[in-house]
Structures are given as structure tokens and as C-alpha cells.
Number of protein chains: 2
Amino acid sequence: MTDTALAYARQNAPAFLEDLKALVRIPSISTLPENGPDMQRAAEWLADHLRRLGFERVSILPTAKHPVVYGEYLKAGRDQPTLLYYGHYDVQPPDPLALWKTPPFEPTIIGDDLHARGASDMKGQLLAFLKALEAITRTGSLPVNLKVIVEGEEEVGSPNLRAFLSEHRDLLACSYCLNGDGGIQAPDLPSITYTLRGLSYFEVRVHGPAGDLHSGEFGGAVENPANVLCRVIAGMHDARGRVTLPGFYDRVRPIPPDEHRENRRHPLRADSWWLEHTGAPALGGGELGYTPAERASARPTLDVNGLLSGFTGEGSKTVLPSLAMAKFSMRLVPDQDPAEILRSLGRYLEAAMPPTVTWELLEHASSRPAIAERDSAATRTAMRAFELVWGKKPIFARQGGSIPVVGLMQEILGVDSLLLGFGLPDDNLHAPNEKFHLPNFRRGVEVFIHYLHLAASR
Amino acid sequence: MTDTALAYARQNAPAFLEDLKALVRIPSISTLPENGPDMQRAAEWLADHLRRLGFERVSILPTAKHPVVYGEYLKAGRDQPTLLYYGHYDVQPPDPLALWKTPPFEPTIIGDDLHARGASDMKGQLLAFLKALEAITRTGSLPVNLKVIVEGEEEVGSPNLRAFLSEHRDLLACSYCLNGDGGIQAPDLPSITYTLRGLSYFEVRVHGPAGDLHSGEFGGAVENPANVLCRVIAGMHDARGRVTLPGFYDRVRPIPPDEHRENRRHPLRADSWWLEHTGAPALGGGELGYTPAERASARPTLDVNGLLSGFTGEGSKTVLPSLAMAKFSMRLVPDQDPAEILRSLGRYLEAAMPPTVTWELLEHASSRPAIAERDSAATRTAMRAFELVWGKKPIFARQGGSIPVVGLMQEILGVDSLLLGFGLPDDNLHAPNEKFHLPNFRRGVEVFIHYLHLAASR
């Protein structure tokens, strides 16, 4: 059965690619109100696709904002496990547009890569799974029971997913979750992600004078909220690159000494990798004492994501701005808790903000970090599936990004998640010129075909 | 002769106001390329106006960017002084537009004030002078010789004025300069400005990775240029609110002890004035040990004028930005030197910027601070003119803003400038809802009528 499905997948690879192109052409940007109709279009495209695969109870379930696509295929029998596949159909905004080499929503193949917003994160990974299902169901039957949810708010922090999972807890009951939003270390280095960082994303607005003032007439007499903002943001790190929020590191699990030694001796990615893949002038600048890969996956960080104040056009305007805004976010590692981080940030800001300004703090997103057992049945099955396709065992890896749903699945449905995805670290996620490595698309389909057969009870 | 001119001015006050409205309707924004045609229109409007007053050699003289309007009226005889009047016809951009209560280029009278961009800075002040000339020339003849220049680049730091003054040095030969771009302390508190702050306006751009990165995948491994920018800007002040650039205070003339004592005993503006006129939540936050008025006029300052980096739209985007930009400017006091400040800033940035980023510094504008003699003949004449109109002696005041042309007039033409203007500190210069106090417009016309007669040799 596996063989016929694999053969189908190879024969139909060109058609699989056309479907992927069709899906990435839909600019399903969840954060921009003007793309609301595109979100609906993407959800309908997926629902149709599931129906054509023979899924039942396919529906577009509403949330407070963007809907979730649901479908189920429960024909494997009661003694087979029920997997809940999780994916998302929304994508990041493409700005800054000027830096794209190809139109973000016109998929373009360059070399082995498909360039488009969402190609890797995660429409390519999502279709790798759906096409594995197509190969299996067209040549036989699915050996496990399967439920699928595809949400539309992952890129804005999944604000309505908690309520959705709670509301549909019975519908979504399952053995464990198969999360397709993962990645591997390199085209020839398959890997299984076993830790994820959490996320606390904030916006702080500092208000000074009631309106913009002339910096000559008033500069010096009145506090400048942009100066204050810079001071407050700068104060969030100390000279050793550590975050200064009170208690920030209290719950951080240290990297095990043997893992740290191994990271230093055989770094997964050499400094040259980081320099090549980012174009940064030099490394360093983060927390002292760790390798770049550790700093980007096993240690918590605080990054400014956006700054805006005053006059930002060409030339000069001598304005003392009335408002200064920063968006900033922290990546959290096990066992940091977003609720504690929020309280800690509040205490820091209370102390750091002078009485000469007023300020407000918005929380845009929050998710818990996650850590998985390396020797669960699901993980061992995934390792075997990778090995069958790549011809080598995958390594275990920590991922720097956040997948809030992993924590929610544990909390609300009581199930672990297995991350099975095929993006690459240099896919330009969330950035201009996002791309998906097409050999990984083909291999991804094959890994899922193997996995779904291996996951069935004998 | 003065009396008939004053009578003419009173009779024609409504027509004067209509002309002022016509001029502020022209959006002569010098910093925005799209307003080029409006700049030309404003220059032509003024040239026509001078011709109708009987000026000769009226011309629109080109510079590398916006032209200067010139005209002369030299019929008073060789034994009379020749005054060079200086004004500007350009205005600041109106953004943020949403904060205007009335359309910025549709002059609107509310109470005693005319609301419009440029109403105070400085089309109202400019017309006060031109209407004094109209009143004098329609009822008699001008008792002094007069040259007029009105430039179009004051609001962008007069980048081409130096070259213009050098090129036309002979044409502009004069006894002294009458600069109409001044102001008084309050409607019932006439004042003569005797010091001006200088300006050093910069933009710094900090470059990190070659493109925007996903803050989850790369945050921690790669320096974030927005974090660096905040740290570098924050480091420009110490905990006592003093600017940390090396040698920044070396040439600052201390406030004379008697002036400082007087400022503390009888502050020109109480704290309540500053709070009312700015809407700031509290005062303080600037350099310790000085009154707000001192900090805003007699002490140098450093203000952020603009910040931009990363994602600034609604919601969240987990981006590690590749670029962070700040516009910031220093107000300089006698005897600070912009060239020294530039070198000092360069040294500071060299030391403060880490090797993990690259950066560039742009100088947008620079002007020297100025200080005038309190007992020159021109100053004494101005005091008398104010007294005749207001019924009380004006006080001496320091102005916080910068008028680069004052330094250039001294340097290139070798003449002092007398500042004679009628704006108010709460006119919302460079900010939304700029306004001009119309009683000051009428009184300004009268002060100029008196002044031009008193300035003539007997």
C-alpha cells in the first residue's frame, strides 16, 4: 500500500505543484482587514480540497475573527489511533514590498525553490500533508483515523484558538496532534524538533505632550516621549546582553551541560552559516556565553519588532513628538510562563517610566514554550519515516520560533504534539523573498505517506 | 506721516486679512517634492505684491532648489540707512493631518486666532511687514531704504542660503538686517529676542541583517538594529538629563547668575504655563537645575524627532528588522559650534555602535546659535516702537528656536540682525492647529510703521 501511494505521488508531482501554486496565489494575510475576502477564499479552497479527498463533516467553523477549516476521515476502525492534524492557511503581510525580487503572491520557481509569501510558512507544508492523503486515498485507504483543523490566525498569535479548542473539545478528541508547521535543519539534514520557544508580544505607547511641539520652542522644557521610549527599551538589556525584567530567568531550564558541550564542539550551524544566511556584518551582540544557535533556540530573547515616532519622511522636521511607539516581543524557553512575563514587564515599566509621560501596554500575542519527550511512540515513528525517505536518521533539534497551538493542545485537549514539517531555516519566513525548497515538498509527501502507515497499529 | 499710515492700516485691516488668507491657502511646503508648484506660486504671489507696492528690481532669484524673492525700494536718499528685511515663504508639512481641527490650508478664524499652517510661521509675520509698507507708501514715502529677501527653504534648514548670500553679497549690502521671523512672549507681554539657539539636525541609520528576519528563527543569534538604536540614543543622555557627547558643554556660556536668580524668582512662564500649553502630564525630565524656560532657551538640548523601524502597522509581526532609523537634533546655545558638535557626535557613535551593525550618519541641517547686543541703536528703536503700540516697554527674551539666517547674515554680509516678529509661544508652530493671534497681526503692522519712521536719521 505504501508503494502504490508513493508511486502515485511521484506520477502526480506536477499536479501537486500546480495546486500549491493556486493556494499561495490567495493573499490570505490575517493581520490586514482588507484581506478578509482572501481569507474566506483560502478557507473555501481548503474545504473543497478536503471534500474531494473524501473527508466528511467538512465545514468552515467560525471564530471571533477568521474561521477554522475542519474535516474528518474516520474509517480506519476503533482500534486505530485518531490523529488530529493541525495547520494554518494564513500568511504574514509581504511588506516591505520593495525588497521582493518576485511578486509575493505570484509563485515563481527559481532553481529548486518556489518563491512566494506563504510558500514555506505554511502552505507548502500543508499541501505536503494533503497530497500524502490524496496519494493514499486514491490508491487505497487511510490506515489511521484522521481529523484536520486548519486555522486562519496563526500569524497573529492565534487569539481565538483557545476558545475554538474549548468549544469543540469533543469534536477534536484524538490520540495526539500532528503539527505540520515545523521544519528541518538543512536539505540533507532531517531533524525532529523537540523544543519550541514561546512568545510574548507587546506594544508600548508613550505619550508626552498633547500634540506635536516645535522642538526649538519646547525642547528641554517638556519630556520627549521618543527619548523616553529609547531609554526604556535600552534598559531592558544589561551590558552582558541579558534581559533585565525582574525574575525573567527564574524559570529558564539551563541547557544540559552535555548538550552545551556538544553544541560548542560540533555546532549545528557554524558562525559562517549565520553570517551567510542573515547578511549580518558580524555575530555577537546577544547573551554572552552561548553559541548563536543556542541563543536563537535554547535561550530567551527580547527583540524590538517595530518603532514609530514623530517625523519619518524625507528631510527634516523639528518636531518634539507627542507619541512614541514600540512593538517588541520576547521568545520564551521552557519553563517560562507568559503570564509571569507580563507581570514582570509591568513591574519593569512602572519603575522605568518617568512621571513626565503617560503610557499604555498592549499584549498582542502570548504562547507558552514547549518541550517534548524524545522517546514517545510518535517520535520514534517519525524518525523511521524520515529515515526511509532521506536514508539517514534525523537529529533532534530545538526550534527558535513559537507555535502557540502546541501549548494549547496540551492544555485544552490534553494531548502532545508531534512536529512534522519540511521548511528550512533560510526560507525567509516573515521576510521578503520567502521560498520553499521543492525537493522538500516531494520528500515531505513521502514522509507523510510512510508516517501514516507506520502510525497504524498492527 | 506716521499717523496717516496708521489710519490707513486701521481702515484697511479687513483687506489685509484677506491677503493673509490668500497667502496661507498656498501649501508652500518646502520639504515635499510634490509641492514644488505651490512653492513657485507663493514666490510669484509675493513678487507681485512687492511690485504693487512700487518695489523695483523685483525678481525670483534661483537657488539650487527653491528660489528667493527679491525687491528693493531705495528712494530715501544716501544719508538714510538701508535695511535688509528677511522673511521666508515656505511652511512645515501639516502631518499628522488627523490631528487638525480645521483644514491646514483653509484659513479659519476661531475667536481671535487665524488657524492655518504657516499663519504664524511666518506668513502672518511677513504680511504684517508688507502691510506696514503698503500703509506707508500709499500715504507718503518710505523714510529708509529697503531691500527685501524672502526665501523658500527656512523650514528645511536654509541649505542654499549660504551660497545665495555669497553670490549676491553686493546686491544685499545693507546697514543691518531686519528679521521678521521672531515672536513675543504673550499677547500682553511684548519682548525683544536677544539670543537664539542653533541647530544640528541628524539622521542615523543602523543596518543589521541584509533583510528582515523571523524573530523566532534568528532572534538572539543576530544583533537587532532597533535594539542597538534605542541603546545608542538612550546613551546620549545621562541620569541628570545632560547630553553625554564628548565636550558637548565645553563652549556653553553659563546663564549669568543674576539672570538665573531672576528666572527662579519671577519665572517668565510659570510651570502652569508650560503644562497648559503643551498638555504634558508633568514637567521635569530635562537637565536638572534649570527652570523649564531656561531649559527651552538658554540650555542646549537633544531631542529625537523621528523613529522608524520594522513593522509599524496594526497588530503584530514577529520581525527582526534589518534597518532602524532615528532623526534627532540638538539645539545649541552660544557659543557652541555645529562643526564641533558634528565631530563630537561622530566620536560618540564610533564608540557606541557595536561591530554587529553598520551605520550611516546624515546631517540634515546645521546653524549657529546667536546672541545680540541689548543696547544697539536698532534694538533701542525697536523698544520705542513696541512701547508706542503696546503702551509698555518690551522685555528681553531668549528664543529656543533656531534662525540659521542670523548667523549667515553676520558671517557673509557682516551685519547684525534685529528680530522683530509677533508670533506667540503657543501658536503650535510645526504642529497641528497652527494659529496666528490676529490682534498681533494688527499691532505688528503698527510696530513696523513706527519702527520704519523711527529708524530714519533725523
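Gly310(A) finds its bridge partner in β11(B), and that partner is Gly306(B). The pair belongs to a set of five bridges that join strand β11 (residues 301–310) of chain A to β11(B), with the two strands running antiparallel. Worth keeping in mind from here on: this is a predicted model.

Zooming out from that strand pair, 86 residues of chain B are in contact with 85 residues of chain A. Strand β11 turns up again here, since on the side of chain B that touches chain A the most comes from β11 (residues 301–310) of chain B, at nine residues. Sorted by class, that side of chain B holds 37 nonpolar, 36 polar and 13 charged residues.

As for how the copies are arranged, chain B lands on chain A after a rotation of 180° with 0.0 Å of shift along the axis, and the RMSD of the superposition is 0.1 Å. That is the relation of a two-fold axis. Both copies use the same surface, too: 99% of the contact residues of chain B recur in chain A.

Now for the packing inside a single chain. In chain B, helix α2 (residues 13–24) packs against helix α4 (residues 119–139) at an angle of about 140°, and their axes are 10 Å apart. With that angle, α2(B) counts as oblique to α4(B). The crossing in which α2(B) passes α4(B) is right-handed. On the α2(B) side, the residues involved are Phe16(B), Asp19(B), Leu20(B), Leu23(B) and Val24(B); they meet Ala119(B), Lys123(B), Gly124(B), Leu127(B) and Lys131(B) from α4(B). Broken down by class, this helix contact has six nonpolar, one polar and three charged residues.

Over in chain A, there is a small piece of sheet to look at, built from three strands. The sheet is open, its strand order is β15-β8-β16, and the pairing is mixed. The edges are taken by β15 (370–371) and β16 (395–399) of chain A, each of which has a single partner strand, so one side of each is left without a neighbour in the sheet. Between strand β8 (residues 191–196) of chain A and β15(A), the pairing is antiparallel and runs over two bridges. Looking at individual residues, Thr195(A) has Ile371(A) as its bridge partner in β15(A).

Terms used
Residues numbered from 1 in each chain as written. Chains lettered and ligands numbered in written order. Predicted model: local features only at pLDDT ≥ 70, side-chain atom pairs only at ≥ 80, totals over all residues. Least-squares fit on C-alpha atoms with pLDDT ≥ 70 in both. Contact = placed C-beta atoms within 7 Å. Helix = DSSP H or I, 4+ residues; strand = E, 2+ residues; numbered from the N terminus. Nonpolar A, V, L, I, M, F, W, Y, C, P; charged D, E, K, R; others polar. Pairing = 2+ DSSP bridges. Axes fitted to C-alpha atoms, helices over the stretch in contact; angles between N-to-C directions. Parallel < 35°, antiparallel > 145°, perpendicular 65-115°, else oblique. Left-handed = near helix turned anticlockwise from the far one by under 90°.
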